[in-house]
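This report concerns side-chain contacts in a predicted model. Salt bridges are treated before contacts that involve aromatic rings.

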Amino acid sequence: MTVNYGERRAQLAAILPGVPALLVTRPVNVRYLTGLDSSNAAVLVWADGSATLATDSRYIEMTRGLDIEVVEDRDVVGRLAAQGVGVEATHMTVAAFRRLNGVVPLDPLVEQLRMVKDEHEIELLRTACAISDRAFSDISGSIRPGVSEKDLARILEARMIELGADKPAFDTIVAAGENGAVPHHSPTDRQLHPGDLVTIDFGARYRGYHADMTRTVALGHVADWQRELYDLVAAAQQAGVEAVKPGAIAGDLDAVSRSIIEAAGHGEDFRHGLGHGVGLEIHEDPFLGPARTGKLEDRVPVTVEPGVYLPGRGGIRIEDTLVARDAGPELLTKTTKELLVL
(Lines give C-alpha, C1' and ligand atoms only; values in the text may rest on other atoms or scores of the structure.)
Protein backbone atom coordinates (compact mmCIF):
# COMPACT_ATOMS: atom_id res chain seq x y z
CA MET A 1 0.00 0.00 0.00
CA THR A 2 1.40 3.42 -0.98
CA VAL A 3 1.28 6.20 1.58
CA ASN A 4 -0.32 9.41 0.32
CA TYR A 5 1.86 12.02 2.01
CA GLY A 6 0.20 14.78 0.03
CA GLU A 7 -3.12 13.87 1.60
CA ARG A 8 -1.56 14.03 5.07
CA ARG A 9 -0.24 17.52 4.31
CA ALA A 10 -3.66 18.55 3.01
CA GLN A 11 -5.23 17.39 6.29
CA LEU A 12 -2.70 19.49 8.20
CA ALA A 13 -3.37 22.52 5.99
CA ALA A 14 -7.08 22.22 6.72
CA ILE A 15 -6.58 22.67 10.48
CA LEU A 16 -4.04 25.53 10.48
CA PRO A 17 -5.35 28.01 13.06
CA GLY A 18 -5.15 31.37 11.32
CA VAL A 19 -1.55 31.19 10.11
CA PRO A 20 -0.48 31.02 6.46
CA ALA A 21 1.74 27.96 7.02
CA LEU A 22 3.28 25.67 9.62
CA LEU A 23 7.02 25.07 9.84
CA VAL A 24 7.38 21.45 10.99
CA THR A 25 10.76 20.67 12.55
CA ARG A 26 10.14 17.66 14.78
CA PRO A 27 11.81 14.74 12.95
CA VAL A 28 9.01 12.23 13.51
CA ASN A 29 6.47 14.74 12.18
CA VAL A 30 8.61 15.50 9.14
CA ARG A 31 8.69 11.77 8.43
CA TYR A 32 4.92 11.50 8.81
CA LEU A 33 4.32 14.33 6.33
CA THR A 34 7.01 13.54 3.75
CA GLY A 35 8.41 10.03 4.19
CA LEU A 36 11.92 11.34 4.96
CA ASP A 37 13.50 9.89 8.11
CA SER A 38 16.47 12.07 9.02
CA SER A 39 18.14 14.02 11.82
CA ASN A 40 18.08 17.35 9.99
CA ALA A 41 15.03 18.28 7.97
CA ALA A 42 12.05 20.61 8.09
CA VAL A 43 8.92 20.96 6.02
CA LEU A 44 6.87 24.12 5.45
CA VAL A 45 3.20 23.33 4.81
CA TRP A 46 1.05 26.16 3.45
CA ALA A 47 -2.67 26.60 3.95
CA ASP A 48 -3.34 25.59 0.34
CA GLY A 49 -1.59 22.25 0.90
CA SER A 50 1.58 23.08 -1.03
CA ALA A 51 4.82 22.36 0.81
CA THR A 52 8.61 22.55 0.69
CA LEU A 53 11.02 20.13 2.32
CA ALA A 54 14.52 21.22 3.34
CA THR A 55 17.37 18.90 4.29
CA ASP A 56 21.14 18.78 3.95
CA SER A 57 23.47 16.93 1.61
CA ARG A 58 23.58 13.79 3.77
CA TYR A 59 19.92 13.06 3.06
CA ILE A 60 19.30 14.64 -0.32
CA GLU A 61 19.52 11.33 -2.18
CA MET A 62 16.82 9.94 0.11
CA THR A 63 14.43 12.60 -1.17
CA ARG A 64 14.53 11.39 -4.77
CA GLY A 65 11.03 10.39 -5.78
CA LEU A 66 9.25 12.13 -2.92
CA ASP A 67 6.12 14.00 -3.98
CA ILE A 68 7.27 17.37 -2.65
CA GLU A 69 9.50 20.32 -3.58
CA VAL A 70 12.95 19.81 -2.01
CA VAL A 71 15.68 22.35 -1.25
CA GLU A 72 19.16 21.57 0.05
CA ASP A 73 20.46 23.58 2.98
CA ARG A 74 22.19 22.77 6.26
CA ASP A 75 20.16 25.47 8.02
CA VAL A 76 16.76 23.95 7.31
CA VAL A 77 14.89 26.22 9.71
CA GLY A 78 16.48 29.42 8.43
CA ARG A 79 15.85 28.38 4.84
CA LEU A 80 12.10 27.83 5.32
CA ALA A 81 11.11 30.29 8.06
CA ALA A 82 8.89 33.16 6.94
CA GLN A 83 7.06 36.02 8.61
CA GLY A 84 3.88 34.96 10.40
CA VAL A 85 4.20 31.20 9.97
CA GLY A 86 3.45 28.84 12.82
CA VAL A 87 6.14 26.77 14.54
CA GLU A 88 5.98 23.69 16.77
CA ALA A 89 6.19 25.23 20.22
CA THR A 90 6.70 21.91 22.00
CA HIS A 91 9.72 21.05 19.84
CA MET A 92 11.51 24.21 18.75
CA THR A 93 14.24 25.37 21.11
CA VAL A 94 14.15 28.82 22.65
CA ALA A 95 17.40 29.65 20.83
CA ALA A 96 15.92 28.73 17.45
CA PHE A 97 12.73 30.66 18.20
CA ARG A 98 14.64 33.79 19.18
CA ARG A 99 16.52 33.99 15.90
CA LEU A 100 13.34 33.85 13.84
CA ASN A 101 11.28 36.98 13.24
CA GLY A 102 7.53 37.08 13.64
CA VAL A 103 6.81 33.35 13.86
CA VAL A 104 3.84 32.07 15.87
CA PRO A 105 4.26 29.25 18.45
CA LEU A 106 1.48 26.68 18.10
CA ASP A 107 0.32 23.71 20.16
CA PRO A 108 0.79 20.26 18.56
CA LEU A 109 -1.09 19.83 15.29
CA VAL A 110 0.69 17.01 13.47
CA GLU A 111 0.47 14.87 16.60
CA GLN A 112 -3.28 15.41 16.52
CA LEU A 113 -3.42 13.98 13.00
CA ARG A 114 -1.08 11.11 13.84
CA MET A 115 -3.39 9.72 16.52
CA VAL A 116 -5.82 8.27 13.96
CA LYS A 117 -4.00 5.70 11.83
CA ASP A 118 -4.83 4.65 8.30
CA GLU A 119 -5.09 0.96 7.49
CA HIS A 120 -1.54 0.88 6.13
CA GLU A 121 -0.19 2.12 9.46
CA ILE A 122 -2.30 -0.38 11.37
CA GLU A 123 -0.96 -3.19 9.19
CA LEU A 124 2.60 -2.13 10.05
CA LEU A 125 1.67 -2.12 13.74
CA ARG A 126 0.03 -5.52 13.31
CA THR A 127 3.27 -6.90 11.85
CA ALA A 128 5.37 -5.35 14.64
CA CYS A 129 3.09 -6.98 17.20
CA ALA A 130 3.17 -10.34 15.42
CA ILE A 131 6.98 -10.28 15.49
CA SER A 132 6.86 -9.49 19.21
CA ASP A 133 4.44 -12.36 19.92
CA ARG A 134 6.51 -14.83 17.92
CA ALA A 135 9.78 -13.75 19.53
CA PHE A 136 8.36 -14.18 23.03
CA SER A 137 7.12 -17.67 22.17
CA ASP A 138 10.45 -18.60 20.62
CA ILE A 139 12.55 -17.57 23.64
CA SER A 140 10.24 -18.83 26.37
CA GLY A 141 12.59 -21.74 26.98
CA SER A 142 15.28 -19.24 27.95
CA ILE A 143 13.18 -17.93 30.84
CA ARG A 144 14.69 -20.23 33.46
CA PRO A 145 16.64 -20.12 36.71
CA GLY A 146 20.27 -19.05 36.29
CA VAL A 147 19.67 -16.72 33.34
CA SER A 148 20.29 -13.06 34.13
CA GLU A 149 17.86 -10.23 33.41
CA LYS A 150 20.39 -8.72 31.00
CA ASP A 151 20.91 -11.98 29.13
CA LEU A 152 17.20 -12.59 28.75
CA ALA A 153 16.69 -9.06 27.39
CA ARG A 154 19.49 -9.59 24.85
CA ILE A 155 18.09 -12.95 23.73
CA LEU A 156 14.62 -11.48 23.20
CA GLU A 157 15.88 -8.42 21.33
CA ALA A 158 18.07 -10.54 19.06
CA ARG A 159 15.15 -12.82 18.22
CA MET A 160 12.93 -9.88 17.27
CA ILE A 161 15.58 -8.67 14.85
CA GLU A 162 16.00 -12.18 13.42
CA LEU A 163 12.25 -12.22 12.76
CA GLY A 164 12.36 -9.00 10.74
CA ALA A 165 12.20 -6.12 13.22
CA ASP A 166 14.12 -2.95 12.39
CA LYS A 167 15.24 -3.01 16.01
CA PRO A 168 13.62 -3.21 19.44
CA ALA A 169 10.91 -0.59 19.87
CA PHE A 170 12.59 0.43 23.17
CA ASP A 171 15.04 -0.96 25.69
CA THR A 172 13.56 -4.25 26.86
CA ILE A 173 12.58 -4.44 30.52
CA VAL A 174 13.20 -7.70 32.38
CA ALA A 175 12.43 -7.41 36.08
CA ALA A 176 12.75 -10.50 38.27
CA GLY A 177 11.56 -10.95 41.83
CA GLU A 178 11.84 -7.78 43.91
CA ASN A 179 12.93 -5.81 40.82
CA GLY A 180 9.41 -6.20 39.47
CA ALA A 181 8.33 -3.49 41.92
CA VAL A 182 10.07 -0.91 39.69
CA PRO A 183 7.84 -0.25 36.64
CA HIS A 184 10.74 0.81 34.37
CA HIS A 185 13.47 -1.34 35.83
CA SER A 186 16.67 -1.62 33.76
CA PRO A 187 17.89 -5.22 33.46
CA THR A 188 20.82 -6.16 35.68
CA ASP A 189 23.04 -9.16 36.26
CA ARG A 190 20.53 -10.50 38.77
CA GLN A 191 19.78 -14.10 37.91
CA LEU A 192 16.29 -15.57 37.78
CA HIS A 193 15.40 -17.87 40.68
CA PRO A 194 12.64 -20.41 41.35
CA GLY A 195 9.67 -18.64 42.88
CA ASP A 196 10.30 -15.39 41.00
CA LEU A 197 7.68 -13.45 39.15
CA VAL A 198 9.38 -12.04 36.02
CA THR A 199 7.94 -9.03 34.24
CA ILE A 200 9.02 -8.68 30.60
CA ASP A 201 8.09 -5.45 28.76
CA PHE A 202 9.20 -5.39 25.13
CA GLY A 203 8.24 -4.81 21.53
CA ALA A 204 9.49 -4.80 17.96
CA ARG A 205 9.83 -1.78 15.72
CA TYR A 206 8.84 -2.55 12.13
CA ARG A 207 9.24 0.01 9.33
CA GLY A 208 9.15 2.74 11.93
CA TYR A 209 6.08 1.50 13.85
CA HIS A 210 6.31 0.33 17.45
CA ALA A 211 4.77 -2.63 19.24
CA ASP A 212 4.45 -2.65 23.02
CA MET A 213 3.49 -5.59 25.24
CA THR A 214 4.18 -6.89 28.72
CA ARG A 215 3.82 -10.34 30.17
CA THR A 216 4.56 -11.46 33.73
CA VAL A 217 5.50 -15.11 34.17
CA ALA A 218 6.30 -17.28 37.18
CA LEU A 219 9.22 -19.63 37.74
CA GLY A 220 8.37 -22.83 39.54
CA HIS A 221 6.06 -22.64 42.54
CA VAL A 222 3.49 -19.82 42.61
CA ALA A 223 2.76 -18.40 46.05
CA ASP A 224 -0.81 -17.60 47.00
CA TRP A 225 -0.12 -13.84 47.10
CA GLN A 226 1.41 -13.99 43.62
CA ARG A 227 -1.58 -15.80 42.15
CA GLU A 228 -4.02 -13.43 43.86
CA LEU A 229 -2.15 -10.36 42.61
CA TYR A 230 -1.87 -11.75 39.09
CA ASP A 231 -5.59 -12.48 38.90
CA LEU A 232 -6.33 -8.93 40.08
CA VAL A 233 -4.15 -7.30 37.42
CA ALA A 234 -5.50 -9.64 34.74
CA ALA A 235 -9.08 -8.68 35.62
CA ALA A 236 -8.23 -4.97 35.55
CA GLN A 237 -6.44 -5.33 32.24
CA GLN A 238 -9.28 -7.25 30.61
CA ALA A 239 -11.81 -4.65 31.76
CA GLY A 240 -9.63 -1.90 30.31
CA VAL A 241 -9.29 -3.71 26.98
CA GLU A 242 -13.03 -4.23 26.69
CA ALA A 243 -13.66 -0.51 27.36
CA VAL A 244 -11.50 0.69 24.45
CA LYS A 245 -13.86 2.04 21.79
CA PRO A 246 -14.45 5.20 19.77
CA GLY A 247 -15.89 7.91 21.96
CA ALA A 248 -14.26 6.64 25.16
CA ILE A 249 -12.66 9.35 27.31
CA ALA A 250 -9.02 8.71 28.24
CA GLY A 251 -9.58 9.39 31.93
CA ASP A 252 -12.64 7.16 32.02
CA LEU A 253 -10.67 4.28 30.51
CA ASP A 254 -8.05 4.63 33.21
CA ALA A 255 -10.78 4.63 35.85
CA VAL A 256 -12.25 1.35 34.57
CA SER A 257 -9.08 -0.56 35.40
CA ARG A 258 -7.96 1.56 38.33
CA SER A 259 -11.25 1.14 40.19
CA ILE A 260 -10.81 -2.66 40.20
CA ILE A 261 -7.32 -2.38 41.65
CA GLU A 262 -8.43 0.23 44.19
CA ALA A 263 -11.32 -1.95 45.33
CA ALA A 264 -8.79 -4.67 46.17
CA GLY A 265 -6.81 -2.26 48.34
CA HIS A 266 -3.92 -1.72 45.90
CA GLY A 267 -4.78 1.72 44.53
CA GLU A 268 -1.50 3.23 45.76
CA ASP A 269 0.42 0.36 44.16
CA PHE A 270 -0.76 1.22 40.62
CA ARG A 271 1.69 4.04 39.99
CA HIS A 272 1.24 5.07 36.36
CA GLY A 273 -1.40 5.72 33.76
CA LEU A 274 -3.32 2.93 32.09
CA GLY A 275 -1.67 3.31 28.70
CA HIS A 276 -0.72 5.45 25.73
CA GLY A 277 -0.88 5.71 21.98
CA VAL A 278 1.66 3.94 19.76
CA GLY A 279 2.77 4.48 16.18
CA LEU A 280 5.89 6.20 14.84
CA GLU A 281 6.75 6.71 18.53
CA ILE A 282 6.53 4.23 21.35
CA HIS A 283 4.75 6.80 23.53
CA GLU A 284 2.46 9.21 21.70
CA ASP A 285 -1.00 10.74 21.99
CA PRO A 286 -3.44 9.82 23.37
CA PHE A 287 -2.30 9.19 26.93
CA LEU A 288 -4.68 7.23 29.16
CA GLY A 289 -4.50 8.39 32.75
CA PRO A 290 -6.42 10.02 35.59
CA ALA A 291 -8.15 13.26 34.52
CA ARG A 292 -7.05 12.89 30.88
CA THR A 293 -9.75 14.43 28.69
CA GLY A 294 -8.87 13.18 25.21
CA LYS A 295 -11.42 11.08 23.37
CA LEU A 296 -10.66 7.98 21.30
CA GLU A 297 -11.69 7.79 17.67
CA ASP A 298 -11.95 4.86 15.30
CA ARG A 299 -8.50 3.51 14.29
CA VAL A 300 -6.60 4.88 17.28
CA PRO A 301 -4.05 2.34 18.62
CA VAL A 302 -3.38 2.37 22.37
CA THR A 303 -1.84 0.20 25.04
CA VAL A 304 -3.67 -1.06 28.12
CA GLU A 305 -1.14 -1.86 30.86
CA PRO A 306 -2.27 -1.80 34.49
CA GLY A 307 0.20 -2.93 37.11
CA VAL A 308 0.60 -3.47 40.83
CA TYR A 309 4.02 -2.96 42.42
CA LEU A 310 4.95 -4.04 45.95
CA PRO A 311 8.33 -2.70 47.13
CA GLY A 312 10.66 -5.44 48.30
CA ARG A 313 8.40 -8.21 46.99
CA GLY A 314 7.79 -7.76 43.28
CA GLY A 315 5.20 -6.63 40.82
CA ILE A 316 2.93 -7.58 37.97
CA ARG A 317 2.07 -5.77 34.76
CA ILE A 318 0.08 -7.07 31.80
CA GLU A 319 0.00 -5.04 28.59
CA ASP A 320 -1.45 -5.30 25.11
CA THR A 321 -1.46 -3.09 22.05
CA LEU A 322 -4.91 -2.76 20.54
CA VAL A 323 -6.87 -0.56 18.15
CA ALA A 324 -10.14 1.21 18.91
CA ARG A 325 -12.69 0.09 16.32
CA ASP A 326 -16.38 0.79 15.85
CA ALA A 327 -16.95 -2.98 15.83
CA GLY A 328 -14.98 -3.51 19.05
CA PRO A 329 -11.30 -3.41 20.04
CA GLU A 330 -8.84 -5.16 17.74
CA LEU A 331 -6.17 -6.89 19.81
CA LEU A 332 -2.78 -6.79 18.07
CA THR A 333 -0.69 -8.59 20.71
CA LYS A 334 -2.02 -12.10 21.11
CA THR A 335 0.25 -14.02 23.47
CA THR A 336 -1.85 -15.68 26.16
CA LYS A 337 -2.45 -13.74 29.35
CA GLU A 338 -2.94 -16.82 31.46
CA LEU A 339 -0.21 -16.96 34.09
CA LEU A 340 2.61 -18.94 32.54
CA VAL A 341 4.47 -21.08 35.08
CA LEU A 342 7.83 -22.08 33.64
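## The Arg-26 and Glu-281 salt bridge

Arg-26 has a relative accessible area of 21% and is therefore partly exposed. Its salt-bridge partner is Glu-281, with 2.4 Å between the closest N and O atoms. The two residues belong to distant parts of the chain, 255 residues apart. Arg-26 sits in the loop between strand 1 (21-24) and helix 2 (27-34), whereas Glu-281 occupies the loop between strand 13 (275-277) and strand 14 (284-288).

Glu-281 has a relative accessibility of 18% and so counts as buried, since that class covers values under 20%. Arg-26 and Glu-281 also take part in a network of salt bridges, in which they are linked with Glu-111, Arg-114, Lys-117 and Glu-284.

## Other salt bridges

The model contains 30 salt bridges. One of them joins the side chains of Asp-138 and Arg-134, at 3.0 Å from N to O. Both residues lie in helix 6, and their separation of 4 residues is about one turn of the helix. Asp-138, at 33% relative accessibility, is partly exposed; Arg-134 is likewise partly exposed, with a relative accessible area of 46%.

Asp-201 and Arg-317 form a further salt bridge, again with an N to O distance of 3.0 Å. This pair links distant parts of the chain: Asp-201 belongs to strand 9 and Arg-317 to strand 17 (residues 314-317), with their positions 116 residues apart in the count. Both Asp-201 and Arg-317 are buried.

## The aromatic pair

How many aromatic pairs does the model contain? The count is 1. The pair consists of Phe-136 and Phe-202, whose rings are stacked, with 5.6 Å from centre to centre and 15 degrees between the planes. Because Phe-136 lies in helix 6 (residues 119-139) and Phe-202 in strand 9 (residues 197-202), the contact ties together parts that are 66 residues apart in sequence.

Both phenylalanines, Phe-136 and Phe-202, are buried. Helix 6 also holds the Asp-138 and Arg-134 salt bridge, and strand 9 also holds Asp-201.

## Arginines over aromatic rings

Two arginines are placed over ring faces. Arg-258 lies over the face of Phe-270, at 3.9 Å from the ring centre. Arg-313 takes a corresponding position over the face of Trp-225, where the distance to the ring centre is 4.2 Å.

Notes: Residues are numbered from 1 along each chain as its sequence is written. This is a predicted model: local features need pLDDT of at least 70, side-chain atom pairs count only at pLDDT 80 or more; totals for chains, interfaces and linings use all residues. Side-chain values use heavy atoms; hydrogens and water are left out. Rings of Phe, Tyr and Trp (its six-membered ring) pair if their centres lie within 6.5 Å; planes under 30 degrees apart count as stacked, over 60 as edge-to-face and the rest as tilted. Buried means under 20% relative accessible area, exposed over 50%, partly exposed in between (1.4 Å probe, protein chains only). A charge sits over a ring if NZ of Lys or CZ of Arg is within 6 Å of the ring centre and within 35 degrees of the ring normal. A salt bridge is a side-chain nitrogen of Lys or Arg within 4 Å of a carboxyl oxygen of Asp or Glu.
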